[in-house]
Amino acid sequence: MSISLNTIQNFYFLGIGGIGMSALARYFHSMGKVVSGYDRTPTVLTWQMEKEGIPITYQDSPDILPIWLGPKHSLIIYTPAMSKDNQQWQLLRAQSYLIKKRSEVLGLITRDSFCLAVAGTHGKTTTCTLLGHILHGAGKKSTAFLGGIAENYQSNIILGGKEISVVEADEFDRSFLQLSPDIACVTSIDADHLDIYQNKDALEDSYRTFSQQLKPQGKLFVYKGLPISGGVAYAAGECADYYSDHLRMESNGWCFDFHSPDETWEALPLPLPGQHNMGNVTAALAMAIQMEVTAGEVRVALASFRGIKRRFSIQHRSGEKIYIDDYAHHPTEIDALISTARVLAPGKKILGVFQPHLFSRTRDFQEVFARSLEKLDALILLEIYPAREEPIEGITAAALLKQIQLEEKEVANLSNAMERIRKKDFQVLLTIGAGDIDTLAEPIKKWLNEQYD
C-alpha cells in the first residue's frame, strides 16, 4: 500500500527513545506535525525531546494513548526491537491503524529526495555525521538522519531542507533494503547481527543486495578490498580511486592529504583521531565531492567539526588522567578504540570498563572479544546488557572473563562500577559499550574533575 506522508498529521512512535526513532520524531515535529510516543524508560535523549515539545509516556497502557490518535490521518511507527507483548502495540494493531517500521518510513522520506546513504558494520555514524555536517556547512538543502548525537547540533538530526537526505543504511533487520539511494557507500562488512543473519555469507549477500538498489545513474563507493563489485574504491593509507594518506601531527593537530581522480587537497584537518577515522573522512569527502562541495568548504567543515557523543569522546584530560567514553560494541571497534588511545597516550596504563551488548553478540564473538580486551592493561567487565534479548544459558560476563588473559580483571555491575573504578590505578580510562554504560560518564567526569583539575 503506497502512502503519502504529506497527508498524515499525527505520528505515534513505539520505542521513540531509540536513536533512529528519535531522529524521525524530531523530523516530523520540525514540520509541525503532531508527534508523541512511548518508551520503556526515560533517558537523556527522551528528556531532551520532551523539552523540545514531544510528549512521551513510559507506561505500557492503552488507556493513556493520546486522545487525538485515530486510524484516520495517523501513522504508528515502531522499531523491530519493540516487544510484541506490548499492550499499546497489540491494541493499535487490532484497531487497524496504519503501522510502519522505522526503516519503511525512512525509505518513504528519502524516496522523493536526492539520497546519500552510508552503510557498514562500523563507521557509518561517523561518516554520515561528517557528510551531513559538510553539506550543511556548504549551504546544501539537506537533512541528515544520524545514528548518534552530533556535538555541533546537539541532536541526531541536521535540518536544512528536503531536497537532499543523508541517512545511515542500517543492516540490522535488513532495514537498509528499504532504501534506494542516489549515492551510497559501504564502509565495512564485519560479521555482526548474527541473530538476524546466521552467518557472514548471509550478511555479505544482504550488503550486495543493498548495493544493487541504487537509483538509475547512482554511484556506489566501497572501501577497497570489500567483497562488493561495481563500486568506486576508496581507502585510507593506500592508493585507490579516492584515498587519504600522509597522516601526521602538526602544530594545530592531526592532518592528512586527500586524493581524488582530479586533484589533491593537502593538509586537511582530521577532526577525529585514528587511521580508521581517516577512512571515514575519506568516504564522506568522496560523497561530498559528488554534490559539488569545494575544497574550501570541506576545510572549514572539518576544522569546525566537534565530533559525536560516545565516539572517542574525551570527557576529561588533565596532567594525570585521561577519560574517554566510546560506543564500541564489536571487537573490531574495540581494537580501533584501544589502538587510538595508545597513540594518544603512549606508554600509559589503560583501564577499560566494558559492558557487552546483547547475549547473542557475546556468544557469537566470545573468543574475539577476549582477544580484543586483552589489549587493555586492566579490565572491569560489566554484566551483559540484554536490550531486546532474553538470557542465553552459559553466556555471562563471568564466562567471558575466564577467557580473557589479563592479570587485572574483574566482573562488576553498573551499580557498583563507580566504586570499583575509584579504587583502580590507571592513567587512561575507557568506558566502552552500547548499552546503559553511558550513565557512568557524568559521575566519572565529575569525580575526575574534582580530584585532578
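Me: What span should the 12 residues of helix α1 (residues 19–30) have, and what makes it agree with the end C-alpha atoms?

Reply: The expected span is 1.5 Å times one less than the number of residues. For α1 that gives 16 Å, and its end C-alpha atoms are 17 Å apart, so the two agree. Helices here are DSSP runs of H or I with at least four residues, and strands are runs of E with at least two, numbered from the N terminus. This is a predicted model: local features need pLDDT of at least 70, side-chain atom pairs count only at pLDDT 80 or more, and totals for chains, interfaces and linings use all residues. Residues are numbered from 1 along each chain as its sequence is written, and side-chain values use heavy atoms, without hydrogens and water.

Me: Why is α1 called roughly parallel to α2?

Reply: The axes of α1 and helix α2 (residues 44–51) cross at roughly 5 degrees and come within 11 Å. Axes are lines fitted to C-alpha atoms, for helices over the stretch in contact, with angles from 0 to 180 degrees between N-to-C directions. Angles under 35 degrees count as roughly parallel, over 145 as roughly antiparallel, 65 to 115 as roughly perpendicular and the rest as oblique. Therefore α1 is roughly parallel to α2.

Me: Which residues make the contact between α1 and α2?

Reply: I19, S22, A25 and R26 of α1 meet L45, Q48 and M49 of α2. Contact means heavy atoms within 4.5 Å.

Me: What makes α5 oblique to α8?

Reply: The axes of helix α5 (residues 124–137) and helix α8 (residues 275–289) cross at roughly 40 degrees and come within 9 Å. That angle makes α5 oblique to α8. On the α5 side, T126, T127, L130, L131 and I134 take part, and their partners in α8 include N277, V281 and L285.

Me: Why does E292 count as exposed?

Reply: Exposed means over 50% relative accessible area, buried under 20%, partly exposed in between (1.4 Å probe, protein chains only). E292 has 67% relative accessibility, so E292 counts as exposed. E292 lies in the loop between α8 and α9 (295–304). Its phi is positive, near 60 degrees, in a residue other than glycine.

Me: Is F312 buried or exposed, and how do you know?

Reply: The relative accessible area of F312 is 10%, so F312 is buried. F312 sits in the loop between α9 and β16 (313–317). F312 also has a positive phi, about 50 degrees, although it is not a glycine. Most residues other than glycine have a negative phi.
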